[in-house]
Amino acid sequence: MVVRFWGVRGSIPAPKSPAVMQELLVDVLKEFTATGAATADRIDSFVRELPAWKGAGYGGETSCAEVESEAGRIIIDAGSGLRRLGERLMQGPHGKGQGEIHLFFTHFHWDHIVGLPFFAPIFVPGNRIHLYAVQSDLELCVRQVFKKPFFPVPFEQLLSKISFHRLDPRQPLELQGVTVTPYQLDHPDPCWGYRVEETSARGRRVYAHCVDNEATRISPLDLGEDALLYKGADLCFFDAQYTLQEFLEHMNWGIHCAHRS
Ligand SMILES: [Zn+2]
């Protein structure tokens, strides 16, 4: 199992400001000159060897995770990161109308759906797009995203074949070589995390997608069946955009702080 994060930011996409870019650039140039061999022919290799946080950086796109198994792929959340994933998929069968997408929604706050109208495979005839959620208003919410005056192309004019699938809470679904089970998170509007399991010749791997979780329930007793979301996970994505101070000022907004997460 390979998990790629195309977006992890909360609330809104956040490109770096010019001031932050300048700071990064100044730090990188200082580091380059400190090597003692700051010649033009070394720029390329120096930049490529920089860790991501020092160079181009990361973290500006909102929530979108790609889970690739030996048999296929699922996507969780359609934040702004979905646009770049779509660009990559268009280089393969999805660009020829021969692709299939399985996209799971945790909930429908803007930062988890804003990438959907910019997901190129959805416009290509022949592609089959499967959309999944526990929430009964899945289809209504998706159609709203494409409604005028919010977006120029209405849902009815999308050229791929789109299907909606309602998930049963805490019931496993097998597809693309993995088992996906939704468990409820603590969020003001209902939000469902996903436990994704793959069993292959390499063993069993578990990914827990737990975004927008205020974690008001922390004991096994409080969590009940939802404790299974986290149990034995090899990788858990638990976003936390607040500092402790910000968290105290935004209780019941459905997000946790890094300190307590
Ligand atoms: Zn949310």
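In the predicted model, Q184 is placed opposite W192, a residue of strand β9. The strand that pairs with β9 here is β8, residues 178–184, and the two run antiparallel over 6 bridges. A further position in this pairing is given by V180, whose bridge partner in β9 is V196.

Strand β9 also pairs with β10 (residues 203–209), again in the antiparallel sense, through 7 bridges. Within this pairing, E198 faces R205 of β10. The connection from β9 to β10 is a hairpin of 2 residues. Strand β9 spans residues 192–200, and 7 of its 9 residues are buried, so the strand is largely enclosed by the rest of the structure. The cut-off behind this statement is 20 or more other C-beta atoms within 10 Å of the C-beta atom of the residue concerned.

Strands β8, β9 and β10 belong to an open sheet of 5 strands, ordered β7-β8-β9-β10-β11, with mixed pairing. The edge positions are taken by β7 and β11 (235–237); each has a single partner strand, so one side of each lacks a neighbour in the sheet. From one strand to the next, the twist averages 20°.

The loop between β6 and β7 (173–175) contains P172. This residue has 13 C-beta neighbours inside 10 Å and is therefore classed as partly exposed, since the partly exposed class lies between the limits of 12 or fewer for exposed and 20 or more for buried. When residues up to four places away in sequence are left out, the contacts of P172 are with T179, V180 and T181. Of these contacts, V180 is the residue bridged to V196 in β9. The C-alpha atom of P172 is separated by 19 Å from that of A65, a residue 107 positions away along the chain.

A second open sheet is built from 6 strands in the order β1-β2-β3-β4-β5-β6, and its pairing is mixed. Its edges are formed by β1 (2–7) and β6 (161–166), each with a single partner strand, so that one side of each is left without a neighbour in the sheet. On average, neighbouring strands in this sheet are turned by 20° against each other, with direction ignored. The partner of β1 is strand β2 (residues 64–68), to which β1 is joined by 5 bridges in an antiparallel arrangement. In this pair, G7 stands opposite C64 of β2.

Helix α3, residues 81–89, packs on this sheet and touches β1, β2 and β3 (73–76); the helix direction makes about 120° with that of β1. The buried residues of α3 are G81, L82, R83, L85, G86 and L89. These buried residues pack against the strands β1, β2 and β3. In an α-helix, residues three or four places apart point the same way, because there are 3.6 residues a turn.

At the level of the whole protein, two domains are assigned: domain 1 comprises residues 2–12 + 59–249, and domain 2 comprises residues 18–49. Domain 1 is thus made up of two stretches of the chain. The C-alpha centres of domain 1 and domain 2 are 37 Å apart.

Definitions and conventions:
Residues are numbered from 1 along each chain as its sequence is written. This is a predicted model: local features need pLDDT of at least 70, side-chain atom pairs count only at pLDDT 80 or more; totals for chains, interfaces and linings use all residues. Helices (H or I, at least four residues) and strands (E, at least two) are DSSP runs, numbered from the N terminus. Two strands pair if DSSP finds at least two bridges between them. Axes are lines fitted to C-alpha atoms, for helices over the stretch in contact, and angles run from 0 to 180 degrees between N-to-C directions. Two residues are in contact if their C-beta atoms, placed from the backbone, lie within 7 Å. Domain bounds come from an automatic or database domain assignment.
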